[in-house]
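The following exercises are to be worked with the sequence and the three-dimensional structure at hand. Each task is followed by a stepwise solution.

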Amino acid sequence: MAGISENWLNLVLLVLLTSGLSIVYSNRVQKALNWWTVQTIAVSLLILAQGVYHDEPEVIFVGVLLLIGKAGIIPILLRRVLRESKTAWVGEIYLKRATSLVVAGALTIIAYDVTKPLMALPQAGFRNGLAVAIALIFFGLLLMMIRKVAIVQVVGILLIDNGIFLAGFFLTQGMPLLVEMGSMFDILVGIVIIVILSKQMLENYDSLNVDHMRSLKG
Amino acid sequence: MFIGVAVIAAVGMLISAKVTYLKLLNSLALVLLTLSGGWTIRQTLLQGSYGYGSGILYWDALSALLLSVIIIIAVYVILFSLGYMEKEVHEKKLPRTSLKWYYFWIWIFIATMLLVVSTPNLGVLWVGIEGTTLATTLLVGFYRNKKAVEAAWKYVILCTVGISFALLGTMLLFAAAAPHLGQSLTALDWRMLPKIASQLDPNLFRLGVLFTVVGYGTKVGFAPMHSWLPDAHSQAPSPVSALLSAVLLNCALYAILRWYTIARLTELGPDFIGKILIGFGLLSLALMVGFILMQKDVKRLLAYSSVEHMGILALGFGLGTQEAVWGASLHLLLHALTKANLFVIIGSLVQKTGTRQIPRIRGIFKVWPFTGIVMVLGLLGITGTPPFGTFRSELSILSGLYKTDHPILGFLTILFLTLIFAGFLFHFLQMFYGKPSGRYQAGESVSTLALAIPLLVVLFLGLFIPQSLNQALNQVVKVILGGV
């Protein structure tokens, strides 16, 4: 991480964390999706900066793929489903927005605590990065539990995915290219399949509310 | 080679949905798959290991075991599919054109599983496992009705999250191994990792193992992460349920086993990951007892039984003694054969009766005696009744439990297995006898009996294990217990 100065890194991490919190606090699905897009762009810029500084074409390649594939295509696909379903509200169950923000704050602190034992290993500058990455994973899980609109759950998965990608970046300075590309391909295909499924859900239930889907039990 | 066959076959399926075309193409693909796969398995077992394309693809005895399971079940299930799906189309449950997509996804599914067992790289293996989730999602939701969509949604959401934990685990392993093996693909190579296992940072690795076992464990269907499994298995078309249960779960377990072989050699020692597996195994067994006893849906019954058997496998592998691992390896093969057979026969039963509800299926022996006979064999096979092979493998695992001084675990396992046996017997006897509903169309051909071939193999293996199979199993045990 010697590439980017500590200040810049902290700024990017701030963007990542705020966008994560904003996703949790969003009252409209569209807003959550927009914040996720902002976050993904920030992640890919971080990767690109790293790649350019160290002059590693592989890393630059991953960054570009991330920018086009994830920050570009995925929001377009999901927006289309949203428009079709006319869903706007995120569907708060269990926790209201304000409460969930408090919970997310607590999760951030836990994330810092959890990553403590790993701090001795890589360079000190990664501490914040790894903690923020774990926090994003927690936010994603939280979002999936406390919201009932299908697309918000997908945003939850995408948030987890960003968190894991970041964790990988801070832990290992990038996985082997083959694995990066494979996992990115998987998430893209996954989103396409989820979009197809949400359309089938709309045909059957006429809404994206996962609360309707409670018939399979026992 | 065979991965290519599967991918080309998948694309080829999209061209036409005509009956003869699908039959011809599927048979051709199956023959090629069997030949190339069989040759690879043979080479692997003869030489101990076998590489292709300077080690991009690589097999040892453990991969060969999984490879044979995939190929055998694929052949059996696809041959059954050809007739079964035609009937579904005939009964207007599905449009004819959808068959194209059915076979497309089935073959993509098979290709991803072949990739999982053919790569020597834990990162690529992750990509393959995630690929299996994606390939099967639309198959699970193939009927597109409310319940099918619900099952597919739960499946894709839960498994994607689970699998992403496994990715995090893989990254932690990479972080631990990169200082020793370099920042390249080699650092995730299961041929290289055992050699440096003792130098891996235990903190990173411990966290990595936890994430990975929970992640892939979701896919294996370990309790308490199993909740997607009965939904997906009961809503998917029956041949797909057979594939999911008999091969997909094993592939995910295979991923855990690769980690297991490495974890045994690290500073954490064999006990660490062994105890995790035993814990998951016992919990899966214990929780399934209730679900199986109270079950009303016959396909869900089989699904819960899969969770149970994955629990037995986890117990056997987790124990880590020669005998238990041998039993578990045999059980992996036998469970796949038995469960595929059961899903196939129950699938055709459900097709005939039009219901999955056990209380509404009565008098099978009066109406369809041949189906009844196959089901009796299935009942005895899946519950591990002697002289079926499953009895032999379960006994081997149980005796492993007692020999390693775990009498209480042994007692609990036997107790759970007995209760599950009682549950199965209760449900199946109800379906065998009683007054058949008037709507049933009696009559079936003797060829139904041919469906029982896998079960007859299981029966045979309970009485006699050929030398060659025993040698192969011993090789598998060596791979799992001794590193590469």
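Is Arg144(B) buried, partly exposed or exposed, counting other C-beta atoms within 10 Å?

Solution. The criterion comes first: a residue is buried if 20 or more other C-beta atoms, placed from the backbone, lie within 10 Å of its own, exposed if 12 or fewer, and partly exposed in between. Arg144(B) has 15 such atoms within 10 Å and is therefore partly exposed. The model is a predicted one, in which local features need pLDDT of at least 70, side-chain atom pairs count only at pLDDT 80 or more, and totals for chains, interfaces and linings use all residues. Residues are numbered from 1 along each chain as its sequence is written, while chains are lettered from A and ligands numbered from 1 in the order in which they are written.

**Exercise 2. Backbone geometry in the loops of chain B**

Task. Locate Arg144(B) and Ser54(B), state phi for Arg144(B) and Ser54(B), and then examine the cis peptide bonds that precede Pro224(B) and Pro387(B).

Solution. Step 1: Arg144(B) belongs to the loop between α5 (122–140) and α6 (146–181) of chain B; helices (H or I, at least four residues) and strands (E, at least two) are DSSP runs numbered from the N terminus. Its phi is positive, about 60°, although Arg144(B) is not a glycine.

Step 2: Ser54(B) sits in the loop between β1 (49–52) and β2 (57–60) of chain B. Phi of Ser54(B), a residue other than glycine, is also a positive value, near 45°. Ser54(B) counts as exposed because it has 7 C-beta neighbours inside 10 Å.

Step 3: the bond from Ala223(B) to Pro224(B) is cis, with omega near 0°, and Pro224(B) lies in the loop between α8 (202–220) and α9 of chain B. The bond from Pro386(B) to Pro387(B) is cis with omega near 5°; the loop that holds Pro387(B) runs between α15 (369–382) and α16 (389–403) of chain B.

**Exercise 3. The fold and domains of chain B**

Task. Does the radius of gyration of chain B agree with or depart from that of a compact globule, and how do domain 2 and domain 3 of chain B meet?

Solution. Step 1: chain B comprises 19 helices and two strands. Its C-alpha trace spans about 70 × 55 × 45 Å along the principal axes, and 60% of its 484 residues count as buried.

Step 2: the globule rule is 2.2 Å times the number of residues to the power 0.38, with the radius of gyration taken over C-alpha atoms. For 484 residues a compact globule would have a radius near 23 Å; the 21 Å of chain B agrees.

Step 3: an automatic or database domain assignment provides the bounds, namely domain 1 (1–120), domain 2 (145–268) and domain 3 (283–484) of chain B. The C-alpha centres of domain 2 and domain 3 of chain B are 24 Å apart. Their contact takes 25 residues from domain 2 of chain B and 29 residues from domain 3 of chain B, two residues being in contact if their C-beta atoms, placed from the backbone, lie within 7 Å.

Step 4: on the side of domain 2 of chain B that touches domain 3 of chain B, α9 (228–235) and α10 (238–263) of chain B each supply at least two residues. The largest share, 13 residues, comes from α10(B).

**Exercise 4. The contact between the chains**

Task. Which helix of chain A gives the most to the side that touches chain B, and how is α6(A) covered?

Solution. Step 1: the contact takes 33 residues from chain A and 37 residues from chain B. On the side of chain A, the elements that give two or more residues are α6 (150–172) and α7 (177–205). Of these, α7(A) gives the most, with 15 residues.

Step 2: α6(A) is mostly covered, as 23 of its 23 residues are buried. Gln173(A), which follows α6(A), has a positive phi near 55°.

**Exercise 5. Contacts of a core residue**

Task. Which residues does Ile73(B) touch, not counting those up to four places away in sequence?

Solution. Ile73(B) touches Leu243(B), Ala246(B), Val247(B), Ala336(B) and Ala340(B). Ile73(B) is also among the residues that touch the most other members of the largest nonpolar core, which has 259 residues; such a core is a set of buried Ala, Val, Leu, Ile, Met, Phe, Trp, Tyr and Cys residues joined through C-beta atoms within 7 Å.
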